[in-house]
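Here is a quick tour for a first look at this protein. Please keep the sequence and the 3D view open while reading.

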Amino acid sequence: MVYQAYSPAIASPAVAAQRFVAPFKMERMTWIKPSFLWMMYRCGYAQKEGQERVLAVRITREGFDWAVTNAVESNISGKPSVRVQWDPERGLRHEALPHRSIQIGLTREAVQKYVHEWTVSITDVTSLAREVHAAVRAGDDDKARALLPVERPYGTSTAPNA
């Protein structure tokens with residue numbers, strides 16, 4: 001499972017089609033995040049403009065593996081199909097944790113594969129994002145943690161982190 005946040009104009013058609021369709025732009029880089037909490041940090045628990053809807057995108061393990069295998073660090077020059085950057089993982093209140101989380105940027109060939117070959121399903125998890133956020137705001141960290149999707153380190157199962 002990877003996560004992305006979009007405006008309703010992009011998210012609604014994607015959920016309906018179970019595939020990214022217009023107005024999603026195939027020619028733009030799109031960043032996928034296997035960490036739910038890092039996505040919450042990035043989109044402010046679905047509060048940031050243009051990122052009001054959070055999508056959980058189930059992709060094939062083969063697709064995820066292809067992206068990781070073909071990735072280069074984001075600071076490398078050139079025009080690779082996949083870029084990665086490692087950022088501090090985030091906690092419930094967006095605090096930096098002592099381990100890193102990968103962000104995977106897809107362009108050109110990789111976006112085509114992501115949209116047409118790797119995507120298995122797209123689920124709107126905006127209500128989950130907001131429920132976790134409400135528990136955090138209420139100071140109920142145990143409830144917030146209990147709501148989080150289960151995530152496993154890469155390589156420990158036959159499915160992408162979810």
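The notes below cover two sheets, the helices on them and a pocket.

This is a predicted model. One open sheet has four strands, and another open sheet has three. Helix H4 touches strands of both: E2, E5 and E6 in one case, E1, E3 and E7 in the other. The largest pocket has a volume of about 480 Å³.

**The four-stranded sheet**

- The strand order is E2-E6-E5-E4, and the pairing is mixed.
- E2 and strand E4 (71-73) form the edges, each pairing on one side only.
- On average, neighbouring strands here are turned by 40° against each other, with direction ignored.
- E4 and strand E5 (residues 82-90) run parallel and are joined by three bridges.
- Ala71 has Val82 of E5 as its bridge partner.
- Helix H3 (residues 61-69) packs on this sheet and touches E4, E5 and strand E6 (96-106).
- The direction of H3 makes about 95° with that of E6.

**The three-stranded sheet**

- Here the order is E1-E3-E7, with antiparallel pairing.
- The edges are E1 and strand E7 (119-124), and each pairs on one side only.
- Neighbouring strands of this sheet are turned by 30° against each other on average, direction ignored.
- Five bridges link strand E3 (residues 53-59) with E7, and the two run antiparallel.
- Val57 has its bridge partner in E7, namely Ile122.

**Helix H4**

- H4 spans residues 108-118.
- H4 lies across E2, E5 and E6, and runs at about 90° to E6.
- H4 also packs on the sheet of E1, E3 and E7, touching each of these strands.
- The direction of H4 makes about 90° with that of E7.

**How strands pair**

- In general, the strands of a sheet pair through backbone hydrogen bonds, in a parallel or an antiparallel way.

**The largest pocket**

- The volume of the largest pocket is about 480 Å³.
- Its lining has 19 residues, and the closest to the pocket centre are Tyr6, Arg28, Met29, Thr30 and Trp31.
- Strand E1 (2-6), strand E2 (30-32) and helix H2 (36-43) are the elements that give two or more residues to this lining.
- By type, the lining residues of the largest pocket are nine nonpolar, six polar and four charged.
- E1 and E2, which contribute to the lining, are also edge strands: E2 in the four-stranded sheet and E1 in the three-stranded one.

Notes. Residues are numbered from 1 along each chain as its sequence is written. This is a predicted model: local features need pLDDT of at least 70, side-chain atom pairs count only at pLDDT 80 or more; totals for chains, interfaces and linings use all residues. Side-chain values use heavy atoms; hydrogens and water are left out. On a 1 Å grid over the protein atoms alone, a cavity is a set of points where a 1.4 Å probe fits but cannot get out, and a pocket is an open set with protein on both sides within 12 Å along at least five of seven lines; lining residues have an atom within 4 Å of a point. Grid points are joined across faces, edges and corners, and a volume is the space filled by probe spheres set on the points. Ala, Val, Leu, Ile, Met, Phe, Trp, Tyr, Cys and Pro count as nonpolar, Asp, Glu, Lys and Arg as charged, and the others, Gly among them, as polar. Two strands pair if DSSP finds at least two bridges between them. Axes are lines fitted to C-alpha atoms, for helices over the stretch in contact, and angles run from 0 to 180 degrees between N-to-C directions. Contact means heavy atoms within 4.5 Å.
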